[in-house]
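Good morning, everyone, and thank you for making the time. Please have the sequence and the picture open while I talk, and stop me if anything is unclear.

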Amino acid sequence: MIAVKNYINGAYQKPDRDLWLDAIDPSTGKVYGKISNSSSEDVERAYQAGKQAFKTWSKTSVEKRSEILSKIADLIEANIDKLAEAESMDNGKPIRLAKTVDIPRAAHNFRFFSHAITQFFSESHDQISQKSINFTLRQPIGVVGCISPWNLPLYLLTWKIAPALAAGNCVVAKPSEVAPYTAFLLGKLCSEAGLPKGVLNMIHGCGATAGQAIVEHPDIKAISFTGGTQTGAHIAKAAAPLFKKLSLELGGKNPNIIFADCDYENMLQTTVKSSFTNQGQICLCGSRIFVEKSLYNQFKCDFIEKIKQLKVGLPSEESTDIGALVSKPHLDKVLGYIEKTAQERATILYGGNRVFVRGGEDGYYMQPTVIEVSSNDCILNQEEIFGPVVTIMPFETDKEALALANAVPYGLSASIWTNNLKRSLHFSEQLQTGIVWVNTWMQRDLRTPFGGVKSSGVGREGGFEVLRFFTEAKNVCINYE
Ligand code: NAD
């Protein structure tokens, strides 16, 4: 049986109180191992290890830090098959996706920040009225907390850890208790890459205990969090009296706006992906599809024809397009939304049911689902479902499309499909989101700012933005009168 232990001070350790959670394989519903159910004592031990390591790591040259991060990237790449299998088993995502997207991106996160830190610079200002020069020191914060969700487990964890370490901080990380296996495996690779002990510490367990202990730790001065909006609000409240730096990447309910003048085939194929990749469990999925009325009926038919071809199956099979949802409670939550369809004056056009897969009869599978809604105000269009469920509705004018897209509490990303340059620029300017994709979806360049507005979060990750988050700016003014 696999035991997902904490990784503290460069070694695997069982939780202080010897309490464990079940690790469940969502493709079969069976227990595959146990996960440390850590407490504040474990967090304290991790913090102390980080504090000690910070004395040296913060003084380690940028070149050396960069070299170690790059070695971690090499080792992730060298272990891609093993990590992909672990990720797929733990999370239910198709093995093909884990191998081609999740794990390569985890390596890329380390590789990218190993380079970015060598290019990071701060500002200086010459005199204005007096003989003085100002320059800014960008100093690491100390021990920082990184808390991540289950949907892209290693991808999103490393998206935080890599820049935090590159900037000279030590880390206490808390991966999601729902899918912690690859984070556990990462510890060993970091040791092999020569990351000094105590620089990265990984605590496993529940959000309300282990996660909360990180947020409430008086000396962990910055928290980078990705997860649900409600959890984000709770963390913001707990962190406020301690004046912590906070980065919050939260939920989304992203519009996918399709105009009749778009490149149709490209739009259709990409819309299938933006709707159902990772069982629709990506914060960036385009879960509200708005289609120009003249194209609406054709789109509906063609979209459903494409969806019928998607294979729901065991995540371990290369031919699977849609694997298992991450857990039984999550499957029940998603199916609960489907039950609300009639009362919300909506119609299921395709899907809506649980699927029983041969070899995984107790697994958490469901059909990709398309629901036609009569209003953007319904629950199905206002709340984050975070499963293989999209809604569609027609619009007639640009003004209406923009109003529908913005009429939601969230503001993470939006896609717009059009070949009209003026329209695409107008929408890019007016959409209330942190990210706009024109004629594409989830095309990522790690140098760009990443994050949301409204209930989708505060702050930006990516590029130099995140290196600024993980450093304190100190201005130095020298008078040479
Ligand atoms: P979640 O909020 O339940 O949990 C996220 C992490 O926070 C987990 O590690 C959890 O243990 C921890 N946590 C829970 N309560 C805590 C507390 N009180 N104090 C500290 N930590 C706590 O989210 P989830 O269900 O794991 O992930 C799904 C959500 O994440 C969705 O809403 C999705 O949109 C969002 N998400 C956002 C982005 C983004 O970049 N904006 C990316 C991926 C996922």
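In the next few minutes I will go through the surroundings of the ligand, starting with where it sits and ending with its individual contacts.

Before anything else, please keep in mind that this is a predicted model, and that the values I mention are computed from it. The ligand sits in the largest pocket, and there are 30 residues around it, among which Lys174, Glu177, Thr231, Leu250 and Glu384 come nearest.

So what kinds of residue make up this shell, sorted by class? There are 13 nonpolar residues and 13 polar ones, and the remaining class, the charged residues, has four members.

If we turn to where the shell comes from, domain 1, which covers 2-250 + 456-479, and domain 2, which covers 255-445, each contribute at least three residues. Among the elements of secondary structure, helix H7 (207-216), strand S11 (222-226) and helix H8 (229-239) each supply at least two residues, and it is H7 that gives the most, with four.

Let me finish with the polar contacts, each of which involves an oxygen atom of the ligand. For Glu177 the partner is an N or O atom in the side chain, at 2.7 Å, whereas for Gly228 a backbone N or O atom lies 2.9 Å away, and for Gly227 a backbone N or O atom lies 3.3 Å away. Taken alone, the ligand exposes 850 Å², and the protein buries 88% of that.

Definitions and conventions: Residues numbered from 1 in each chain as written. Predicted model: local features only at pLDDT ≥ 70, side-chain atom pairs only at ≥ 80, totals over all residues. Heavy atoms only, no water. Near = heavy atom within 4 Å. Polar contact = N/O pair within 3.5 Å; in protein donor to acceptor, adjacent residues only side chain to side chain. Areas by Shrake-Rupley, 256 points an atom, 1.4 Å probe, with all protein chains shown as cover. 1 Å grid on protein atoms, 1.4 Å probe; cavity = no way out; pocket = protein on both sides within 12 Å on 5 of 7 lines; lining within 4 Å. Sits in = over half its atoms within 2 Å of the grid points. Nonpolar A, V, L, I, M, F, W, Y, C, P; charged D, E, K, R; others polar. Domains from an automatic or database assignment.
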